[in-house]
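Reader: I'm more at home with gels than with coordinates. Could you walk me through how to read a fold?

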Amino acid sequence: MKNIGETLAAFRKAAGYTQIDVAAELTRAGYPIQNKSIYAWEKNKSTPNPTQFLFLCKLYGITDIYSAFIEPNPDNPLASLNEAGKEKVLDYIRILELTRQYNTYDVQGDNVTELPARTRELPLFLLAASAGTGEFLDSEAHEMVIVGSEVPDTASFGIRLHGNSMEPRYMDGQIVWVYRTTELLDGDIGIFYLDGQAYCKKLHKGKNSLELLSFNPDYKPIRIKESSDFKIFGRVVS
């Protein structure tokens, strides 16, 4: 953990505030305080209360408190980037905001309006894919369902699973969303057709063999023979 007082002082100076300025901002916000308290915080003689601390973070532009005061945040994809890299990511975010396609809020001057959730229709196949020993595939019947941001943009269709061979990652009865493609890499999880059966499995490409693998160790690998009628329907994306 970083020295809290030194960190607060560094961010204050970087933001262009004096200790007197910060005391005035806190007082104006309804947290009356004198600049000697700011001095005490920065020398680790005392600490701000949670409300004061969060106000300081907002004032200094600290958006990742974990990284600022503890260590690089493993959940923040920007934590491993230098300042130039972070600026490039922010530039791309600004471009996405301008398109308004991915925005949560619409900002017009001082008015901030929450935008309605973006939805779309995707086909959900009525016949389940096996997360077990095989599910007979004899129909492409499906219904169109409305989905939101919980479904990845890359998804082409959904299909419900039947069986427990892919547990604990995928559960019996769960709907998985699939990107339609006929090409998968070794280790990809996909929806497959094999000799009249539909499967949800992990693809393993050996030197001279192909296998469909389960996560549940109770299920043996399914070897794909040269004589097999085998197709790839897509890659599972959620």
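Reader: Let me start small. Is Thr7 buried or exposed?

Author: A quick word on the ground rules before that. This is a predicted model, where local features need pLDDT of at least 70, side-chain atom pairs count only at pLDDT 80 or more, and totals for chains, interfaces and linings use all residues. Residues are numbered from 1 along each chain as its sequence is written, and side-chain values use heavy atoms, leaving out hydrogens and water. Now, buried means under 20% relative accessible area, exposed means over 50%, and partly exposed is in between (1.4 Å probe, protein chains only). Thr7 counts as buried because its relative accessibility is 10%.

Reader: Which residues is Thr7 in contact with, leaving aside its neighbours within four places in sequence?

Author: Contact means heavy atoms within 4.5 Å. By that rule Thr7 touches Lys2, Ala68 and Phe69. Thr7 itself is found in helix H1.

Reader: And how do you decide what a helix is, and how many helices and strands are in the chain?

Author: Helices (H or I, at least four residues) and strands (E, at least two) are DSSP runs, numbered from the N terminus. The chain has six helices and 12 strands. Of its 238 residues, 33% are buried.

Reader: What is Asn3 doing in the segment before H1?

Author: Look at polar contacts here. The term means a pair of N or O atoms within 3.5 Å; within protein, one must be able to donate a hydrogen and the other to accept it, and residues adjacent in sequence count only if both atoms are side-chain atoms. A polar atom of the Asn3 side chain lies 3.1 Å from the backbone nitrogen of Gly5, and one lies 2.9 Å from the backbone nitrogen of Glu6. Asn3 counts as partly exposed, at 32% relative accessibility. Its C-alpha is 8.7 Å from that of Ile70, although the two are 67 residues apart along the chain.

Reader: At what angle do H1 and H4 pack?

Author: Axes are lines fitted to C-alpha atoms, for helices over the stretch in contact, and angles run from 0 to 180 degrees between N-to-C directions. Helix H1 (residues 4–15) meets helix H4 (residues 50–60) at about 35 degrees, with the axes 9 Å apart. On the H1 side, Leu8, Phe11, Arg12 and Ala15 make the contact; on the H4 side, Phe53, Leu56 and Tyr60 do.

Reader: Which residues of H4 are buried, and what covers them?

Author: They are Gln52, Phe53, Phe55, Leu56, Cys57, Leu59 and Tyr60. Their cover includes H1, helix H2 (19–28), helix H3 (35–42) and helix H5 (65–69). Check the ends of H4 too. At the N-terminal end, Asn49 is the cap, with a side-chain oxygen 3.1 Å from the backbone nitrogen of Thr51. After H4 comes Gly61, with a positive phi near 75 degrees.

Reader: Where is Lys201 found, and is it buried or exposed?

Author: Lys201 sits in strand S9 (residues 197–205). With 1% relative accessibility, Lys201 counts as buried. Its side chain makes a polar contact with the side chain of Ser165, at 2.8 Å.

Reader: One last stop: where is Pro221 found?

Author: Pro221 is in the loop between strand S10 (210–213) and strand S11 (222–224). Pro221 is partly exposed, at 46% relative accessible area. Beyond its neighbours within four places in sequence, Pro221 is in contact with Glu211, Leu212 and Leu213.
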